[in-house]
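User: Hi, I'm new to this one. Could you pull it up and walk me through it?

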2 protein chains.
Amino acid sequence: MTASRGRAPVSRRERPAKPALSRDGIVAVAVRIMHEEGLEKATMRRLAQELDTGAASLYVYVRNTAELHGAVLDQLLTTIDLSPEAPAGQWRERLIELLGAYTELLFTRPSLARSALTLRPTGPHYLRLVDSLLALLRAGDVPVRQAAWGVDLLVQLATATAAEQGTRKETGAGDDLTFYVRDVPAGEYPDIARVGDELISGTGRQRGRWAFEALIDGIATTGTPAG
Amino acid sequence: MTASRGRAPVSRRERPAKPALSRDGIVAVAVRIMHEEGLEKATMRRLAQELDTGAASLYVYVRNTAELHGAVLDQLLTTIDLSPEAPAGQWRERLIELLGAYTELLFTRPSLARSALTLRPTGPHYLRLVDSLLALLRAGDVPVRQAAWGVDLLVQLATATAAEQGTRKETGAGDDLTFYVRDVPAGEYPDIARVGDELISGTGRQRGRWAFEALIDGIATTGTPAG
DNA sequence: ACCTGAACACCGTTCAAGT
DNA sequence: ACCTGAACACCGTTCAAGT
């Protein structure tokens, strides 16, 4: 309450004051650049440039690039709506929906997906997501250890799918596959020849949905070793 | 048979002749460096240096770094023994064994695993592996579309697991997890608190094996959409 | 404590010029 | 066709020196 009598809390001259650095500020700029140009452009040097400072200054607030990417992921996770309770008997549907939302989120940010794969995120919003997934598995009466081990698998599938598909969409490397299944010599690879076009059948959505269904089924029904 | 009469096929002076560049030669050096120091050291510049040339010269033989990594992976895949036929009724065991061998191969080369994840390999030895996996799924009477869609998933799980675990082993970032499951406030994340230590229970091997079992079960029993 | 410029030790890829 | 040096356009991180 002993306020700033008279003197404005801005810098001496009228020029736009250089805002103080902060972890949140750095992350916010990284998120913006990611949306506009992709995470790979949100380098330490670029961030520093946008914040009108030197790259070295950022290291006061973030340990390294990996940690920064973790913070960006957690920020992005705020956009996933975790609130809907699954109606009774609908846990499977809701689980697939949630995993689909997470996949889609990463799908349009392939470089974030690639980072997330080697990150083991620990941010609050990531923990919220994991907690929600566990709640749904519990609603489905999945034994506790299977749920605990399985939740990792589900998230990994989502992340890896996004990293893989998203990157290929980016580099246009996907068409190789369409080619190779047809060009494969049937004599040398009889089983590839046998399944033929099934290797590339279905839409990305259909395959993604089926993948989650299959993995959830396996998690729910396959017993873990005792211990 | 019109052999090199008299003149030795080496360079004029006795100095070690600079061997001609070739795609195989480049890949061989990359494989050696990967074994000795990790794939991340096998950069274009380093390769060129070892081959006593400029980095630009390599681009005559490989399109880019991604393609080079694909060739390295295929080379490494020659070490997996695909020959054993699965005894009747043992397809599941053999499938897990094969996937385990692939995982282990990548596990000690995390940077290769990370590359493989976004690569969609098409080398002959990779196709052999896929063919073998498909043969085993056929031996298990898995419907053809489920096998075709599932084989991708199995390979992805192996690759992602290796990339994730291997990297953490490398950077020592894994211990975070051990911490966070205990430090998580039970009030905010009730389901994480409920499963508690199960989130980190079991050895890497046990979890890996269970993951493959669960996914194989799901692939074998979950129907794909008609079409 | 926070911030900085400069340095260290690198990258992948392209290109004009040579042979 | 193959090979090259040099250039272009970058990286992450550390460190001594300032405030």
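Analyst: Sure, starting at the DNA: an N or O atom in the side chain of Y59(A) sits 2.8 Å from a phosphate oxygen of DNA strand D. That is a polar contact, meaning a pair of N or O atoms within 3.5 Å; within protein, one must be able to donate a hydrogen and the other to accept it, and residues adjacent in sequence count only if both atoms are side-chain atoms. Bear in mind that this is a predicted model: local features need pLDDT of at least 70, side-chain atom pairs count only at pLDDT 80 or more, and totals for chains, interfaces and linings use all residues. Residues are numbered from 1 along each chain as its sequence is written, chains are lettered from A and ligands numbered from 1 in the order in which they are written, and side-chain values use heavy atoms, with hydrogens and water left out.

User: Which other atoms of chain A are close to a phosphate oxygen of strand D?

Analyst: For M44(A), a polar backbone atom is 3.2 Å from a phosphate oxygen of DNA strand D. With T65(A), a polar side-chain atom does it, at 3.1 Å. The elements giving two or more residues to the surface near that strand are α2 (44–50) and α3 of chain A, plus α3 of chain B. Helices here are DSSP runs (H or I, at least four residues), numbered from the N terminus.

User: How many residues are around strand D, and which come nearest?

Analyst: There are 15, and R45(A), K18(B), T53(B), A56(B) and Y61(B) come nearest. A residue is near a strand if one of its heavy atoms lies within 4 Å of it. Sugar and phosphate make up 53% of the atoms of DNA strand D that come within 4 Å of the protein.

User: And what surrounds strand C?

Analyst: DNA strand C has 14 residues around it, the closest being K18(A), T53(A), A56(A), Y61(A) and R45(B). Of its atoms within 4 Å of the protein, 52% belong to sugar and phosphate. On the chain B side, T43(B) has a polar side-chain atom 3.1 Å from a phosphate oxygen of DNA strand C, while T65(B) has a side-chain N or O atom 3.0 Å from one.

User: Switching topic, how does chain B lie on chain A?

Analyst: A turn of 180° and a shift of 0.0 Å along the axis lay chain B on chain A with an RMSD of 0.0 Å. That's the relation of a two-fold axis. The copies are superposed by least squares on the C-alpha atoms of residues with pLDDT of at least 70 in both.

User: Which residue of chain B comes closest to that axis?

Analyst: G218(B), with its C-alpha at 2.1 Å.

User: What about H69(B), buried or exposed?

Analyst: H69(B) is buried, at 12% relative accessible area; buried means under 20%, exposed over 50% and partly exposed in between (1.4 Å probe, protein chains only). H69(B) lies in helix α4 (residues 65–76) of chain B. Beyond neighbours within four places in sequence, H69(B) is in contact (heavy atoms within 4.5 Å) with L39(B), L112(B), S115(B) and L119(B).

User: Last one: where is R92(A), and what does it touch?

Analyst: R92(A) is in helix α5 (residues 91–107) of chain A and is partly exposed, with a relative accessible area of 32%. Not counting residues up to four places away in sequence, R92(A) touches I216(A) and D217(A). Its C-alpha is 29 Å from that of A71(A), 21 residues apart along the chain.
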